[in-house]
Amino acid sequence: MEKQLLREQIERIIQEKLETTTIPTDTWKQWLAEANEQEGENLIYKQGSHVILREGRCYLLWRQNASQATVLFCNESDLSERDIEWLRMLLWMDSQTVKGVSQSVTGDEYQAALFGQWILERLQASDMQAEVPDSFSWKNKLFSTVIPFLLVTEQSHREGPSYTQLYKLLKSYFGGDLVVVPLTDKEWFFLVPEHLTSNADADEEEDNKETMEEYLTSYCHGLFELLAPQWIGESHLSVAYPTAPIHGIPAIVSRLRETIYLGRTFHIPESIHLPWELHLEHLVYSIPDEVRKQFMQRVVTKNDNFTDVETMTTLQTFFQYNCSVSETAKRLYIHRNTLLYRLDKIKQETGLDVRTFSDAVLVKLILLLYKVTK
């Protein structure tokens with residue numbers, strides 16, 4: 001970011017004018033060593049601190065060469081702890097700006113990284129309904145309705161997407177401007193304006209229109225098919241309902257993270273995790289560990305019944321296809337009578353007949369609990 005613009009941004013955040021002075025570089029290094037010793041070498045950014053509190057003043061490292069360092073300063077008493085954390089983050093990230101990238105791209109990527117850091121900071125502080133600060137130049141984009149997505153990539157043998165790569169792919173898919181935010185090296189949060197998607201054609205009959213869940217699901221599947229070939233390895237995608245996120249972005253990210261976590265816990269083979277398909281999983285996961293164990297001890301007399309691969313596959317497929325005997329047999333590539341034999345065997349061993357509604361609900365609950373109670 002251009003230095004004058006960064007200075008103006010800092011002054012807006014702290015609502016104070018900064019003064020400038022020049023000191024020998026060796027003096028700055030000495031101050032830094034003393035600050036590290038005082039803080040127990042536990043500064044926020046291990047890559048080096050660009051903010052030092054000393055003798056009632058807050059000093060910001062602005063420019064530095066072999067002999068001299070230019071620093072900005074103001075009174076420490078004029079700053080809150082949060083202001084100081086922000087200053088450390090701003091200056092550290094400014095020092096990490098990639099050289100050789102065009103100014104416009106660098107500015108966007110800088111803002112995206114800074115926004116990601118702000119979200120993580122608010123999550124850590126449990127400030128879920130925080131309002132996006134005025135210091136972010138794209139705040140005006142967050143007053144309109146957007147669709148939030150969270151992408152988690154887990155490549156073990158190659159790097160994940162860069163900001164530029166991911167932004168170009170998403171823009172090619174949605175066909176317009178959007179906000180892409182890196183949260184961690186493997187976690188990306190992006191906000192797509194609702195007008196770039198379409199729930200249904202205006203002339204389409206009401207009975208044939210997709211529900212909100214259906215059209216969000218279709219976008220997720222299409223997006224995943226676009227992204228998956230680009231980065232080999234396990235990846236996971238989730239989406240939330242449309243919202244105007246000027247307030248509450250940390251809460252949105254938290255819910256999307258929880259959705260992916262629940263999906264990965266209860267539906268291991270799947271890569272797309274949708275919140276409206278995980279209500280029961282969310283309820284099960286919220287049950288305290290001791291209550292889960294007591295329930296399993298009362299209901300499941302033989303744990304072996306639910307560790308057998310054939311039994312687990314049969315039950316999961318049976319529930320996936322709405323307890324349809326014909327469809328389940330077809331999907332398992334077995335004769336209908338073979339499936340009936342398996343279901344009778346499960347009834348004999350557990351006393352539960354999944355062809356009846358009440359027993360089917362109980363067995364479904366047992367299967368979910370088994371995945372988190374071991």
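**Cavities, pocket, sheets and a helix pair**

Q: How many cavities of 30 Å³ or more are there?
A: The count comes to 3 cavities of 30 Å³ or more. Keep in mind that this is a predicted model.

Q: And what volume does the largest cavity have?
A: The largest cavity has a volume of about 60 Å³.

Q: Which residues line that largest cavity?
A: The lining is made of Asp 308, Glu 310, Thr 311, Thr 314, Arg 342, Lys 345 and Ile 346. Two elements, α10 and α12 (336-350), give two or more residues to it.

Q: How does that lining divide into nonpolar, polar and charged?
A: The lining of the largest cavity has 4 charged residues, 2 polar and 1 nonpolar.

Q: Back to α10 and α12. At what angle do their axes cross?
A: The axes cross at roughly 110° and come within 11 Å of each other. Angles of 65 to 115 degrees count as roughly perpendicular, so α10 is roughly perpendicular to α12.

Q: Which residues meet there?
A: From α10, Glu 310, Thr 311, Thr 314, Leu 315 and Phe 318. On the α12 side they meet Leu 339, Arg 342, Leu 343 and Ile 346.

Q: What classes of residue does that contact have?
A: The contact of α10 with α12 has 5 nonpolar residues, 2 polar and 2 charged. Some names turn up twice: Glu 310, Thr 311 and Thr 314 are among the α10 residues that meet α12, and they also line the largest cavity.

Q: OK, pockets now. How much space lies in the largest one?
A: About 840 Å³ lies in the largest pocket. It is lined by 30 residues, and those closest to its centre are Phe 266, His 267, Glu 270, Lys 364 and Lys 371.

Q: Which elements supply at least two residues of that lining?
A: Five helices and a strand: α6 (212-227), α7 (249-266), α8 (279-286), α10 (309-320) and α13 (357-372), plus β9 (272-273).

Q: Where does the largest share come from?
A: From α13, with 7 residues of the lining.

Q: How does the pocket lining divide into nonpolar, polar and charged?
A: The largest pocket has 14 nonpolar residues in its lining, 10 polar and 6 charged.

Q: While we are on α13, what is Tyr 370 in contact with?
A: Tyr 370 lies in helix α13. Leaving aside neighbours within four places in sequence, Tyr 370 is in contact with Met 296, Phe 306 and Thr 307.

Q: What separates the C-alpha atoms of Tyr 370 and Arg 292?
A: They are separated by 9.0 Å, although the two residues are 78 residues apart along the chain.

Q: Switching to sheets. In what order do the 4 strands of the open sheet run?
A: The order is β1-β4-β3-β2, with antiparallel pairing. β1 and β2 (51-54) stand at the edges, each with a single partner strand, so one side of each has no neighbour in the sheet. From one strand to the next, the twist averages 35°.

Q: How many bridges join β1 to β4?
A: There are 6 bridges between β1 (residues 19-24) and β4 (residues 68-75). Within that pair, Thr 20 stands opposite Leu 72.

Q: And β3 with β4, over how many bridges?
A: β3 (residues 57-64) pairs with β4 over 7 bridges, in the antiparallel sense. Tyr 59 has Phe 73 as its bridge partner in β4, and a hairpin of 3 residues joins β3 to β4.

Q: What about β2 and β3, how many bridges join them?
A: β2 and β3 run antiparallel and are joined by 4 bridges. Arg 54 stands opposite Arg 57 in β3.

Q: There is a sheet with 5 strands too. What is its order?
A: This open sheet runs β6-β7-β5-β8-β9, and its pairing is mixed. The edge strands are β6 (179-184) and β9, each pairing on one side only. As for the largest pocket, β9 is one of the elements that supply at least two residues of its lining.

Q: Which way do β5 and β7 run, parallel or antiparallel?
A: Antiparallel, with 7 bridges joining β5 (residues 146-154) to β7 (residues 187-193). Ile 147 has Val 192 in β7 as its bridge partner.

Definitions and conventions:
Residues numbered from 1 in each chain as written. Predicted model: local features only at pLDDT ≥ 70, side-chain atom pairs only at ≥ 80, totals over all residues. Heavy atoms only, no water. 1 Å grid on protein atoms, 1.4 Å probe; cavity = no way out; pocket = protein on both sides within 12 Å on 5 of 7 lines; lining within 4 Å. Points joined across faces, edges and corners; volume = space filled by probe spheres on them. Nonpolar A, V, L, I, M, F, W, Y, C, P; charged D, E, K, R; others polar. Pairing = 2+ DSSP bridges. Axes fitted to C-alpha atoms, helices over the stretch in contact; angles between N-to-C directions. Parallel < 35°, antiparallel > 145°, perpendicular 65-115°, else oblique. Contact = heavy atoms within 4.5 Å.
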